[in-house]
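Okay, thanks for squeezing me in today. I'll put the structure up and then walk you through what caught my eye.

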Amino acid sequence: MKDEDIRQSLREYIVSTWLSGDSRDFDDETDLTQAGILDSFSTLDMAAFIDDRFRIRLEPSDINAESFRNVSSLTCIVKQRLGNET
Amino acid sequence: MRDLVRDPMRIDRLVAPVAAHAPERIAVQGTREAMTYGELDRLGNRFAHLFLSLGVRPGDRVGVHLPRSGIAIAAMLGASRAQAVYVPLDPSSPPSRMKTIAADCGLLHVVIAPALLANWAAAGVTVPHFIVAGDGDPPTLSSDVEAHPWNEVQAASGAAVENPRTSPDDLAYLLYTSGSTGVPKGVMISHRNALAFVEWAAETARLVEQDRVASVAPFHFDLSVFDIWATLSRGATTVIVDEATVLSGRRMVERIVEQRITVWYSVPSALILMLESGALAEQGAPSLRVVFFAGEVFPIRHLRRLMTALPLARFFNLFGPTETNVCLAHKVREIPGEDAVAIPIGRATCGDVISIVDESGAIVPDGSVGELLVDGPTVMLGYWNAGNPVLAAHPYPTGDFVERGPDGEILYHGRRDHMVKVRGFRVELGEVETALALHPGILEAVAFAHEGQLVAVVRASDPGLSILAIRRHCATRLPPYMIPTGIRLVAELPRTTSGKVDRVRIKNTFTTDSGTAPAAAVPESISRSA
């Protein structure tokens, strides 16, 4: 799966789930915690989406503030789990 | 005559008797380290002596802003032994909310984790004395602020504090909950209030020293009173299930199994997470013998699954606002039938007396719905408000609508006002609306619960205002659970004939309208990173 496809999927999910479809001001570097998007509970929701969408299994150690910082860092962790680091 | 060991009248007297005869027993099992009763007792004394040396007087409020840990419990114990009132602060709340609370109850001393102190300092929020619970040098603060490093706590005396003039009616702690006017409210709980619940709960759970009780709820949430004080009252062990573990159903089950947790008290959401992860069905949790839940309605189909997965455990539905702690309880004797709609909230407990009244204050007949009034030993002293205590009405009107069923058990019918529950946390919609309206680009906002989630409809003066900008603003003022999941921008809010915002129509429009933000405001493609 291409880097841009992963990014696109993550962006669409975040924008539709937490931004009511409004993508203004949002980009791949937006800090998801500072934006009030990810907290302890929604992080779990995000992790479940990633597992389902990319058919991977995030380990508990993958779910941390660093990897869930923004779309770019999430893309990295998905790529690592998919095993196609291109 | 009262037995002072079993009925010590103050929460700070619960630990010393256990520490005296079993100092090596584990009081708090943290994620890495354990703290014995002897260590907890001494650290509580060290905190108390330090507070006294820093000028803490009886009745002063002392903030505790730490992750859940043995040190946090020792700080509360120490505050209590110094005859002060502890105020647990939410580690996940933004500094601006801490500032409001610190000003409201006049905090002069806060025990704080180094990372959290950095947040306060960055936001310019301060109190005269910080006691930094952690190694390393505290960050540099302004000249009128003192940051006392951890070695000052360690250097203080571990000997017992003499406090002859104490009363069970002294204030023990303040718990800040969401307030309808936009400012959090401090619920004032006395030692007598706390112990009425603690004693009832420890008896009901039949807690003994071998028990390992989970600490799941945040310390600023009233469920934690059981995890801490009921556990310590029986010489049992409180096992911290830390913030990271509570995120994952699977990890919570692993913690129960690995730590052989015997008693659990949480909101239903946490238990449902464990069910949804599949881990509970796979591994079971045979050590669990008592499950208390409270804070929100437990959906019957999930409760059925939970009781099936834990066939040996006893289940109790506890009920009561923070203002009354637990005032009603229902033992779930058997798995509810598939056609069951809800389980009762039960009968009055903890020595409380309840009544159900109509709008004129007259008692309603059995089977009719009315407001629940509570009086008795668990009812709070009052609210702390802008520096002053405001005494509670007796009996206390809860704002909850209930009905007495045919078997005498009370059934729950919802709220009278604009308070909703999100994941067991109470949220006053007014507080969310006030926070939203503080954004300079927002004219009006209406918040409500929709399908179990918090949502808001916002009328903005600035057409360029994005949902992301609104969320960012919320994150600086509200704890995460109070940030609306769905936010919709509208050009006009529907009004009643009197000109007031029509909440019913707004809710109905939200339910039927599939649109989200105004179409013109949303670019066609999702934006890319710069």
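Before I start, one bit of vocabulary: when I say two residues touch, I mean that their C-beta atoms, placed from the backbone, lie within 7 Å. And please keep in mind that what you see is a predicted model.

With that in hand, let's go to the core. The largest nonpolar core has 136 residues. The ones with the most contacts inside it are B:Leu40, B:Val64, B:Ala75, B:Val87 and B:Leu174. Take B:Val64 as our example. Leaving out residues up to four places away in sequence, B:Val64 touches B:Ala72, B:Ala75, B:Met76, B:Tyr86, B:Val87, B:Pro88, B:Leu89 and B:Val111. So B:Ala75 and B:Val87 turn up again, among the partners of B:Val64. Apart from that core lies another one, of 52 residues, and its members include A:Ile6 and A:Ala35 as well as B:Leu429 and B:Ile442.

Okay, chain A. What does chain A have in the way of helices and strands? Three helices and zero strands, so reading from the N terminus you just get α-α-α. Its C-alpha trace spans about 30 × 25 × 20 Å along the principal axes. For 86 residues, a compact globule would have a radius of gyration near 12 Å, and chain A comes in at 12 Å, so the two agree. Buried residues make up 34% of the chain. And if you take the contacts in chain A with a separation of 6 or more, 57% of them are between residues 24 or more positions apart.

Now, how many residues does each chain put into the contact between A and B? It's 27 from chain A and 30 from chain B. On the chain A side, α1 (3-18) and α2 (40-54) each supply at least two of those residues. By class, that side of chain A has nine nonpolar, nine polar and nine charged residues.

Next, some backbone oddities. A:Ser20 has a positive phi, near 50 degrees, and it's not a glycine. You'll find A:Ser20 in the loop between α1 and α2 of chain A. Is A:Ser20 buried or exposed? A:Ser20 has 22 C-beta neighbours inside 10 Å, so it counts as buried; the cut-off there is 20 or more.

Over in chain B, B:Arg260 also isn't a glycine and has a positive phi of about 50 degrees. B:Arg260 sits in the loop between α9 (249-259) and β12 (263-266). With 15 C-beta neighbours inside 10 Å, B:Arg260 counts as partly exposed.

One more for the backbone fans: there's a cis peptide bond between B:His394 and B:Pro395, with omega about -5 degrees. B:Pro395 is in the loop between β20 (388-391) and β21 (396-404) of chain B.

Last stop, back to α9 of chain B. α9(B) packs against α10 (268-277) of chain B at an angle of about 100 degrees, with the axes 7 Å apart. That angle is why I'd call the two helices roughly perpendicular. On the α9(B) side we have B:Gly249, B:Arg250, B:Met252 and B:Val253, and they meet B:Ala270, B:Leu273, B:Met274, B:Glu276 and B:Ser277 of α10(B). Sorted by class, the residues of that contact are five nonpolar, two polar and two charged.

That's what I had, thanks.

Technical notes: Residues numbered from 1 in each chain as written. Chains lettered and ligands numbered in written order. Predicted model: local features only at pLDDT ≥ 70, side-chain atom pairs only at ≥ 80, totals over all residues. Helix = DSSP H or I, 4+ residues; strand = E, 2+ residues; numbered from the N terminus. Nonpolar A, V, L, I, M, F, W, Y, C, P; charged D, E, K, R; others polar. Buried ≥ 20, exposed ≤ 12 C-beta atoms within 10 Å, placed from the backbone. Axes fitted to C-alpha atoms, helices over the stretch in contact; angles between N-to-C directions. Parallel < 35°, antiparallel > 145°, perpendicular 65-115°, else oblique. Core = buried A, V, L, I, M, F, W, Y, C linked by C-beta atoms within 7 Å. Rg over C-alpha atoms; globule rule 2.2 N^0.38 Å.
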